[in-house]
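This report examines one protein model, with attention to its helices, its enclosed and open spaces, and selected residues. The sequence and coordinates are shown first.

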Amino acid sequence: MNKMLNKLTHEEAIERARELSVMIRSRSQEGESLRHQPQENIDDFIASGLVRSLVPSRWGGHELDWKTLAGSAIEVSKGDASAGWCYSLLLLHSWMLAFFPNDAQKDVWKDNPDACLATSINPSPNSEILKEKGGYRLTGKWGFSSGINHCDWVMISAAAPQEDSQKEKKMLYFLVPKSELRVIDVWHVVGMRGTGSNLLELTDVFVPEYRTMELNPWNLHGISPGMEQNKTSLYRIQLSAVMPVTLLSVILGATKGAYDIWRDMVIGKNKSRKGEPVANLTHQQIRLAKVAAKLEAVDALLHKSLELVESGRVLDYKERVSLRRNYCYCAELCTEAMETIYTSSGAAASAESHPLQQFWRDIHAGAQHTAFNFDWVGELYGKLELGLPVSVEY
């Protein structure tokens with residue numbers, strides 16, 4: 001097993017993320033131009049030790065908790081949302097790998113505990129998965145693989161046939177080396193440009209059985225092959241209860257970063273057309289107070305949700321839906337706060353070089369992720385709360 005000589009504490013991890021944020025901000029425009037992360041950012045994430053935050057200690061990781069992921073992602077995202085998005089997903093995906101069979105973990109971490117992993121859960125309709133002796137054979141395209149440019153492995157999700165063809169297909173994750181697939185550059189977007197969320201193409205790729213994991217036992221009951229070796233409560237948490245925290249932390253951190261600029265540079269330094277300091281204007285003071293309150297409310301609801309996530313027990317369906325409701329609402333509050341910040345910052349904020357317009361684009365783009373679809377989650381929660389029949393959808 002790998003050894004981590006200096007195991008980080010939660011406080012140390014947050015401080016390292018805070019230190020990274022300044023440098024991340026200086027490379028923001030480069031990420032926009034590249035449409036993926038500058039390699040220097042990834043190198044910094046690795047050199048800081050933070051990519052190992054949720055990696056099991058037996059593989060040289062810090063084995064911290066979800067509060068560390070959320071807190072450090074918030075700090076990184078204050079500098080740049082796309083960088084924070086890729087950072088938080090690196091931590092999420094390493095945590096996910098710990099649920100796979102031990103031999104799959106060994107393939108990735110035995111020689112490189114800093115290995116970077118991506119995911120894709122969006123197969124094209126004509127993608128094909130065939131069951132054969134010892135594993136599966138995959139052909140097709142999978143979309144929205146954030147950070148794939150800087151990753152070594154990818155976890156691909158799809159419904160797969162069983163050996164008994166009469167049985168219903170089961171949802172699996174397949175662990176595939178990046179060297180066995182092709183990345184198709186399609187990421188030309190308005191927001192989150194630096195995430196490089198490109199398309200993957202697999203052609204007749206064989207994935208051995210031990211590099212697969214069934215989703216439903218983990219997602220519904222907190223049961224996975226990785227439990228045999230990774231025994232702490234961190235590796236009992238259900239994916240559906242916590243995955244959106246990864247992205248919400250980025251949206252919250254980016255909104256906080258925008259708030260700091262707005263408070264200090266726009267309101268704090270600018271003058272009105274009459275030459276009066278903007279800070280003296282009552283309506284701007286009131287706007288500032290409302291935005292600050294929204295961000296504190298999001299922070300409080302996020303951390304309240306994480307207390308339930310890290311309770312150490314398997315969560316029932318309504319609890320998981322309630323968490324998803326919280327995450328959706330938090331994302332909604334952040335977009336409202338960002339809208340106030342941007343629309344009250346004057347024409348100067350629309351300059352391509354101005355960080356507020358980039359934060360505005362990125363936060364709106366991030367909040368469009370399906371994890372924050374309040375119409376869907378709100379309907380589920382409403383039915384459960386009212387005692388109406390509802391199917392388990394995730």
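The sections below describe helices, spaces and individual residues in turn.

## Basis of the model

The structure is a predicted model. Every value in this report is therefore to be read as computed from a prediction.

## Helix α5

Helix α5 covers residues 81-97. Its 17 residues should span 24 Å at 1.5 Å a residue, and the end C-alpha atoms are 24 Å apart, so the expected and modelled lengths agree. Burial is complete by residue count: 17 of the 17 residues of α5 are buried, and the helix is therefore largely enclosed by the rest of the structure.

At the start of α5, D80 provides a side-chain oxygen that comes to within 3.5 Å of the backbone nitrogen of S82. Helix α5 also takes part in the largest pocket, where it gives the most to the lining, with five residues.

## Helix α8

Helix α8 runs over residues 239-267, and its 29 residues should span 42 Å at 1.5 Å a residue; the end C-alpha atoms are 41 Å apart, which agrees. The helix nevertheless has a kink of about 30°, centred on L247.

Of the 29 residues of α8, 24 are buried, and the helix is mostly covered. Helix α8 is also among the elements that each supply at least two residues to the lining of the largest pocket.

## Helix α10

Helix α10 comprises 27 residues, 317-343, for which 1.5 Å a residue gives an expected span of 39 Å; the distance of 39 Å between the end C-alpha atoms agrees with this. Because 19 of the 27 residues are buried, α10 is largely enclosed by the rest of the structure.

The N-terminal end of α10 is capped by D316, with a side-chain oxygen 3.2 Å from the backbone nitrogen of K318.

## The largest pocket

How much space lies in the largest pocket? The volume is about 1,200 Å³. The pocket is lined by 42 residues, of which I121, N122, M243, H369 and T370 are the closest to its centre. By class, the lining has 23 nonpolar, 17 polar and two charged residues.

Both helices and strands contribute to this lining. At least two residues each come from the helices α5, α7 (215-221), α8 and α11 (355-367), and from the strands β1 (117-120), β4 (135-145), β5 (153-160) and β6 (170-177).

## The cavity

The model has one cavity of 30 Å³ or more. The largest cavity holds about 30 Å³ of space.

Which residues line the largest cavity? They are V51, L90, S94, P113, D114, A115, C116 and L117. Six of the lining residues are nonpolar, one is polar and one is charged.

## Positive phi angles

Most residues other than glycine have a negative phi. Two residues of this model are described here for their positive values. E63, which is not a glycine, has a positive phi of about 50°. E63 lies in the loop between α3 (39-47) and α4 (66-79), and its relative accessible area of 22% makes it partly exposed.

M192 is likewise not a glycine and has a positive phi of about 55°. This residue sits in the loop between β7 (182-184) and β8 (198-208). M192 has 4% relative accessibility and so counts as buried, the cut-off being under 20%.

## Buried residues and their contacts

H62 is placed in the loop between α3 and α4. With 2% relative accessibility, H62 counts as buried, and its side chain reaches the backbone nitrogen of L8 at 3.1 Å. The C-alpha atoms of H62 and N280 are separated by 47 Å, with the two positions 218 residues apart along the chain numbering.

S21 belongs to helix α1 (residues 10-26) and is buried, with a relative accessible area of 10%. Its side chain reaches the backbone nitrogen of G79 at 3.1 Å. L69, in helix α4, counts as buried at 0% relative accessibility. Although L69 and T246 are 177 residues apart along the chain, their C-alpha atoms are separated by 7.4 Å.

How values were computed. Residues numbered from 1 in each chain as written. Predicted model: local features only at pLDDT ≥ 70, side-chain atom pairs only at ≥ 80, totals over all residues. Heavy atoms only, no water. Helix = DSSP H or I, 4+ residues; strand = E, 2+ residues; numbered from the N terminus. Expected span 1.5 Å × (residues − 1). Buried < 20%, exposed > 50% of the residue type's maximum accessible area, 1.4 Å probe, protein only. Polar contact = N/O pair within 3.5 Å; in protein donor to acceptor, adjacent residues only side chain to side chain. 1 Å grid on protein atoms, 1.4 Å probe; cavity = no way out; pocket = protein on both sides within 12 Å on 5 of 7 lines; lining within 4 Å. Points joined across faces, edges and corners; volume = space filled by probe spheres on them. Nonpolar A, V, L, I, M, F, W, Y, C, P; charged D, E, K, R; others polar. Bend = angle between axes of the 7 residues up to and from the residue.
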